[in-house]
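Let us take a friendly walk through a protein model together. Have a look at the sequence and the structure first, and then read on.

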Amino acid sequence: MKPQLWQIVRFGLVGVANTATFYLVYLALHPFLPYFAAFTIAFLLSMVGSFFLHTYFTYRTRPTWKKFLLFPLPNITNYLVQSFGVVALVQWVRLDSRIAPLVAALVAIPVTFVLSKIVLTGRAGTPAPAGQHGSVGVDQLDAAAVRVEVVEK
């Protein structure tokens with residue numbers, strides 16, 4: 001199987017684990033908080049776990065503070081898409097507020113994959129070669145003309 005396909009499979013596995021974590025936290029908070037507050041808290045908590053799973057497992061790169069601070073960017077998009085979806089499904093479609101987050105999450109998956117890959121690896125194209133783990137290999141560096149002058153003693 002191609003490396004890109006394996007990366008998508010790993011992304012999906014992390015997504016399932018992250019969604020399960022989010023949903024369990026959401027259901028635990030749902031009886032005590034308004035549904036949107038429970039949704040927001042569960043989303044933020046699961047995002048931290050998602051960062052570490054995606055850096056180590058999905059994209060096989062090192063976590064850094066910079067990546068951690070940038071990681072919310074794709075998740076803000078995810079949050080906005082899911083938030084709108086949850087509110088729309090509960091308010092307009094009258095879907096049960098315990099089910100709406102799962103339905104809304106399906107819409108945000110492709111966008112989150114591309115954006116998180118850019119943040120965690122620095123590119124949206126193919127994954128880093130095995131053993132690179134987010135670093136740049138010699139064959140990836142641009143060749144620059146270097147003037148060499150021979151000086152005789």
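Just after helix 2 comes Arg 60, a residue with a positive phi near 50°. Arg 60 has this positive phi although it is not a glycine. You will find Arg 60 in the loop between helix 2 and helix 3. Since the model you are looking at is predicted, please read every value here as computed from that prediction. With a relative accessibility of 40%, Arg 60 counts as partly exposed, because that value falls between the 20% limit for buried and the 50% limit for exposed.

Where else does a residue that is not a glycine have a positive phi? Arg 94 does, with a phi of about 65°. Arg 94 also belongs to a loop, the one between helix 4 and helix 5. Its relative accessibility is 64%, so Arg 94 counts as exposed.

Now step back and look at the whole chain. Its secondary structure consists of five helices and zero strands, so to follow the elements from the N terminus you read α-α-α-α-α. The chain has 153 residues, and 33% of them are buried. Take the contacts between residues at least 6 apart in sequence: 64% of these join residues at least 24 apart.

Let us return to helix 2, the element that Arg 60 follows. Which residues of helix 2 are buried? Among them are Tyr 35, Ala 38, Phe 39, Ala 42, Phe 43, Ser 46 and Met 47. As you read along such a list, one general idea is handy: an α-helix has 3.6 residues a turn, so residues three or four places apart point the same way. The buried residues of helix 2 pack against helix 1, helix 3, helix 4 and helix 5. Tyr 56 is in helix 2 too, but with a relative accessibility of 54% this residue counts as exposed, because the value is over 50%. If you set aside the neighbours within four places in sequence, Tyr 56 touches Thr 61 and Pro 63.

Helix 4 is our next stop. Its 20 residues reach 27 Å from the first C-alpha to the last, close to the 28 Å expected at 1.5 Å a residue. The buried residues of helix 4 include Pro 74, Asn 75, Asn 78, Gln 82 and Leu 89. As a group, the buried residues of helix 4 pack against helix 2, helix 3 and helix 5.

Next, the aromatic rings. How many aromatic pairs does a search of the whole structure find? There are 16 aromatic pairs. In one of them, the rings of Phe 22 and Tyr 26 have centres 5.9 Å apart and planes at 20°, so this pair is stacked. Both residues sit in helix 1, four residues apart, which is about one turn of the helix. Are these two residues buried or exposed? Phe 22 has a relative accessible area of 6% and is buried, and Tyr 26, at 0%, counts as buried as well.

Another pair, Tyr 59 and Phe 113, is tilted, with 6.3 Å from centre to centre and 40° between the planes. This pair links distant parts of the chain: Tyr 59 is in the loop between helix 2 and helix 3, Phe 113 is in helix 5, and the two are 54 residues apart. Tyr 59 counts as buried at 5% relative accessibility, and so does Phe 113 at 12%. Rings can also gather in a group, and one aromatic cluster is formed by Phe 22, Tyr 23, Tyr 26, Phe 36, Phe 39, Phe 43 and Tyr 79.

Finally, let us turn to empty space. Rolling a probe the size of a water molecule over the atoms shows where empty space is left. The largest pocket holds about 440 Å³ of space. Which elements give two or more residues to its lining? They are helix 1, helix 2, helix 4 and helix 5. Helix 1 provides the largest share of that lining, eight residues. In total, 24 residues line the largest pocket, and Gly 15, Asn 18, Thr 19, Asn 78 and Ile 109 lie nearest its centre. Sorted by class, the lining has 13 nonpolar, eleven polar and no charged residues.

Note on methods
Residues are numbered from 1 along each chain as its sequence is written. This is a predicted model: local features need pLDDT of at least 70, side-chain atom pairs count only at pLDDT 80 or more; totals for chains, interfaces and linings use all residues. Side-chain values use heavy atoms; hydrogens and water are left out. On a 1 Å grid over the protein atoms alone, a cavity is a set of points where a 1.4 Å probe fits but cannot get out, and a pocket is an open set with protein on both sides within 12 Å along at least five of seven lines; lining residues have an atom within 4 Å of a point. Grid points are joined across faces, edges and corners, and a volume is the space filled by probe spheres set on the points. Ala, Val, Leu, Ile, Met, Phe, Trp, Tyr, Cys and Pro count as nonpolar, Asp, Glu, Lys and Arg as charged, and the others, Gly among them, as polar. Rings of Phe, Tyr and Trp (its six-membered ring) pair if their centres lie within 6.5 Å; planes under 30 degrees apart count as stacked, over 60 as edge-to-face and the rest as tilted. Buried means under 20% relative accessible area, exposed over 50%, partly exposed in between (1.4 Å probe, protein chains only). Contact means heavy atoms within 4.5 Å. The expected span of a helix is 1.5 Å times one less than its number of residues.
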